[in-house]
Amino acid sequence: MPTRNEGGAKQKMKGHEIIELLGTFLQGNELIVGSNGNISRQVFHCLPRPQVYLRGSMGLPMAVGLGLAISQPDRKVIVITGDGNFLMGLGSMSTVSSLKPSNLKILIIDNELYATTGGQPTVSSVINYETMIRGIGVETTVSIQSNDNKTVIQEKLNWLLKGNGLQILHVKVQPGDPPFENIPWHPKKIKNEFMSRIST
Ligand SMILES: Cc1ncc(C[n+]2csc(CCOP(=O)(O)OP(=O)(O)O)c2C)c(N)n1
């Protein structure tokens, strides 16, 4: 039996597996913004800390990432967002596109669901992300579809982290992540830990 995600396996990876894989490409000084809900929990438990773990504020990760990228021009800022968050925050993408901070990278984890709140479907299944994002004015977009295997995904994550300029990577993932525990930090602690990291 072929194992999941190896070689030519057809099954999509799960969101937390993509986040874990991204972790293998990090150099250490990247700044990461996780969208609210499951993604932030996965970022907290799977990647080095501290990062920005959004709580409640759905739709805002791109706006937060944009501000961070502008204020920290010497560091790569990686926004990891669910499809529900990305679609809710589309308005901020026109600003992202007009400013095009070269250190901003956006990773869309698309499970076609609001998984955090019980798995209601988003409208992702009818959207062509590459076309939509290019229409907004961002040229450097790559979409990973269901048939891409782990090797292709690794290449694209490498492209996202090592490439120059504003880049967006959209990955279709399989729903069904295991539950990750709530982030045990009070929002003030999240802010303070992150602020002390970027002020050093
Ligand atoms: C304005 C607003 N609407 C609804 C919610 C409730 N809510 C929290 S997370 C979430 C789902 C986020 O979906 P997505 O970004 O696709 O991530 P996933 O849960 O699938 O990992 C929802 C609806 C909220 N926090 N704020």
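This passage describes the sheet, the helices packed around it, the ligand shell and several local backbone features of a predicted model.

The core element is an open sheet of six strands, which follow the order 2-1-3-4-8-7 with parallel pairing. Strand 2 (52-53) and strand 7 (141-144) occupy the edges, and each has a single partner strand, so that one side of each is left without a neighbour in the sheet. Strand 8 is placed between strand 4 and strand 7 in this order. The pairing of strand 4 (residues 104-110) with strand 8 (residues 167-172) is parallel and comprises six bridges. Along this pair, Lys105 stands opposite Gln167 of strand 8, and Asp110 stands opposite Lys172. On the other side, strand 7 is joined to strand 8 by four bridges, again in the parallel sense; here Ile144 stands opposite Val171.

Strand 8 is mostly covered, with six of its six residues buried. Gln167, Leu169 and Val171 point one way from the strand, whereas Ile168, His170 and Lys172 point the other way. The buried set of strand 8 therefore includes Lys172, since a residue with 20 or more other C-beta atoms within 10 Å of its own is classed as buried.

Two helices illustrate the packing against the sheet. Helix 7 (residues 150-162) lies across strand 4, strand 7 and strand 8, and runs at about 160 degrees to strand 7. In helix 1 (residues 15-23), the buried residues are Gly15, His16, Ile18, Ile19 and Leu22. Viewed down the axis of helix 1, these residues fall within an arc of 155 degrees, and they therefore line one face of the helix. The elements that cover them include helix 2, strand 3 (77-82), strand 4, helix 7 and strand 8. Helix 7 and strands 4 and 8 thus recur, being among the elements that cover the buried residues of helix 1.

The ligand is surrounded by 18 residues, of which Gly37, Met58, Gly82, Gly84 and Thr116 are the closest. At least two residues of this shell are supplied by each of helix 2 (38-46), helix 4 (83-88) and strand 5 (113-114). Helix 4 makes the greatest contribution, with three residues. In terms of class, the shell consists of 12 polar residues, five nonpolar residues and one charged residue.

Val96 belongs to helix 5 (residues 90-99). This residue is buried because 24 other C-beta atoms lie within 10 Å. Apart from neighbours within four places in sequence, the contacts of Val96 are Met62, Leu66 and Leu104. By contrast, Tyr53 is 43 residues from Val96 along the chain, and the C-alpha atoms of the two are separated by 20 Å.

Several loop residues show notable backbone geometry. Arg49 and Pro50 are joined by a cis peptide bond, with omega about 0 degrees; Pro50 is situated in the loop between helix 2 and strand 2. Positive phi values occur in two residues that are not glycine. Lys100, in the loop between helix 5 and strand 4, has a phi of about 45 degrees. With 14 C-beta neighbours inside 10 Å, Lys100 is counted as partly exposed. Glu112, in the loop between strand 4 and strand 5, has a phi near 60 degrees. Glu112 is likewise counted as partly exposed, having 19 C-beta neighbours inside 10 Å.

Definitions and conventions: Residues are numbered from 1 along each chain as its sequence is written. This is a predicted model: local features need pLDDT of at least 70, side-chain atom pairs count only at pLDDT 80 or more; totals for chains, interfaces and linings use all residues. Two strands pair if DSSP finds at least two bridges between them. Two residues are in contact if their C-beta atoms, placed from the backbone, lie within 7 Å. Axes are lines fitted to C-alpha atoms, for helices over the stretch in contact, and angles run from 0 to 180 degrees between N-to-C directions. A residue is near a molecule or strand if its C-beta atom, placed from the backbone, lies within 6 Å of it. Ala, Val, Leu, Ile, Met, Phe, Trp, Tyr, Cys and Pro count as nonpolar, Asp, Glu, Lys and Arg as charged, and the others, Gly among them, as polar. A residue is buried if 20 or more other C-beta atoms lie within 10 Å of its own, exposed if 12 or fewer, and partly exposed in between; C-beta atoms are placed from the backbone. The arc is that of the directions from the helix axis to the C-beta atoms.
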